[in-house]
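This note is addressed to a colleague meeting the structure for the first time. The numbered points below are best read with the sequence and the model in view.

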Amino acid sequence: MKRLLLICITTLLAACSSVPTITGIQSTVPVSVETSAFELQGRLGVKHEKGGQHGNVSWRHLPASDDVEMRSPLGSIVAKLQVNAQGASIDFGDGHIQHASTIESLSKELLGWELPLTGLRYWVLAQPIPDAPSQSQKDSQGRIIQLNQNGWVIVYTNYPDNNSLPGKIIMRRKLLEIRLVVDTWSISNAELSSTRF
């Protein structure tokens, strides 16, 4: 079950491409991870040297915390991840909750590889992690189409409707590939988000 959960995290997203629905703040300008809240619904696919999985994902980000819910293709909850200042936890829904200081160490312990959620907070918004070395390529509108950071190659293949929020993201590191297709984006100011989410 644990393995399936984290595999789903990495494996979430199939190849389907669609135009995401975007609500909240107009996102033609970059969204700040530190001051904004976002919520996305999408599909995740993970390929790794031992196989691959796919499923659905819901991710709610607030400046001080992240909650990620992984579901099977049929909609049943596989696992819930929570990350905040106290650390990271994964709830497998069977009464077993595992904790660690970071989601990277927790995923490495359970899966054998690190889920880069700390970087994903920025990468999913098509932004590099601040103060960390990176290289990027941009399109004619100044949006990142490829980002290299922390050993990951992140490719953005779809920006619907001239938006700054990507619709499809492919992340590769060594033998691991994570694909995320976003069906719905919701962006708000962090001060307003606690009631909206």
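1. Two strands are said to pair if DSSP finds at least two bridges between them. By that criterion, strand S6 (residues 87-91) and strand S7 (residues 97-100) pair in the antiparallel sense, over 4 bridges. Within this pairing, aspartate 91 stands opposite isoleucine 97 of S7. The two strands form a hairpin with 5 residues between them, and glycine 93 in the turn has a positive phi of about 80°. It should be kept in mind throughout that the model is predicted.

2. The overall composition may be stated next. The protein chain contains 4 helices and 12 strands. Of its 197 residues, 50% count as buried. The chain exposes about 9,400 Å², of which carbon and sulfur atoms supply 52%. Among contacts between residues at least 6 apart in sequence, 52% join residues at least 24 apart.

3. Strand S7 deserves a second look for its side chains. In a regular strand the side chains alternate between the two faces of the sheet. Along S7, Gln98 and Ala100 point to one face and are buried, whereas Ile97 and His99 point to the other and are not.

4. Valine 83, in strand S5 (residues 77-84), may be considered alongside S7. The C-alpha atoms of valine 83 and histidine 99 are 9.8 Å apart in space, with their positions 16 residues apart in sequence. Valine 83 has a relative accessible area of 9%; a residue under 20% is classed as buried, and therefore valine 83 is buried. Beyond residues up to four places away in sequence, valine 83 touches Ala64, Ser65, Asp66, Ala88, Ile103, Leu117 and Arg121.

5. How many aromatic pairs does a search of the whole structure find? The search returns 4. Phenylalanine 38 and tryptophan 59 form an edge-to-face pair, with 5.3 Å from centre to centre and 70° between the planes. Phenylalanine 38 lies in strand S2 (residues 36-48) and tryptophan 59 in strand S3 (residues 51-62), so the pair ties together parts that are 21 residues apart in sequence. Phenylalanine 38 is buried at 1% relative accessibility, and tryptophan 59 is buried with a relative accessible area of 5%. Together with Trp185, these two residues form one aromatic cluster.

6. Leucine 40 also belongs to strand S2. Its relative accessibility is 0%, and leucine 40 therefore counts as buried. Outside its neighbours within four places in sequence, leucine 40 is in contact with Val57, Ser58, Trp59, Val124, Leu180, Val182, Thr184 and Trp185. The list thus includes Trp59 and Trp185, both members of the aromatic cluster. Leucine 40 and aspartate 183 are 143 residues apart in sequence, yet their C-alpha atoms are 7.4 Å apart in space.

7. Serine 58, one of the contacts of leucine 40, is found in strand S3. Is serine 58 buried or exposed? It is buried, with a relative accessible area of 13%. A polar contact of 2.3 Å joins the side chains of serine 58 and arginine 71. Not counting residues up to four places away in sequence, serine 58 touches Leu40, Gln41, Asp67, Val68, Glu69 and Arg71.

8. In soluble globular proteins, nonpolar side chains tend to be buried together. Here the largest nonpolar core has 44 residues, of which Leu40, Ile103, Trp123, Val124, Tyr156 and Trp185 touch the most other members. Strand S12 (residues 176-189) contributes the largest share of this core, 6 residues. Tryptophan 123 is in contact with residues including Pro116, Ile129, Leu147, Asn150, Trp152, Tyr156 and Met171, its neighbours within four places in sequence being left aside.

9. Two loop residues conclude the note. Most residues other than glycine have a negative phi. Asparagine 150, a contact of tryptophan 123, has a positive phi near 55°. Asparagine 150 is placed in the loop between strand S9 (144-149) and strand S10 (152-158), and is partly exposed at 43% relative accessibility. Lysine 174 likewise has a positive phi, near 50°. Lysine 174 lies in the loop between strand S11 (168-173) and S12, and is exposed, with a relative accessible area of 83%.

How values were computed:
Residues numbered from 1 in each chain as written. Heavy atoms only, no water. Phe/Tyr/Trp six-rings, centres within 6.5 Å; stacked < 30°, edge-to-face > 60°. Buried < 20%, exposed > 50% of the residue type's maximum accessible area, 1.4 Å probe, protein only. Contact = heavy atoms within 4.5 Å. Polar contact = N/O pair within 3.5 Å; in protein donor to acceptor, adjacent residues only side chain to side chain. Core = buried A, V, L, I, M, F, W, Y, C linked by side-chain atoms within 4.5 Å. Areas by Shrake-Rupley, 256 points an atom, 1.4 Å probe, with all protein chains shown as cover.
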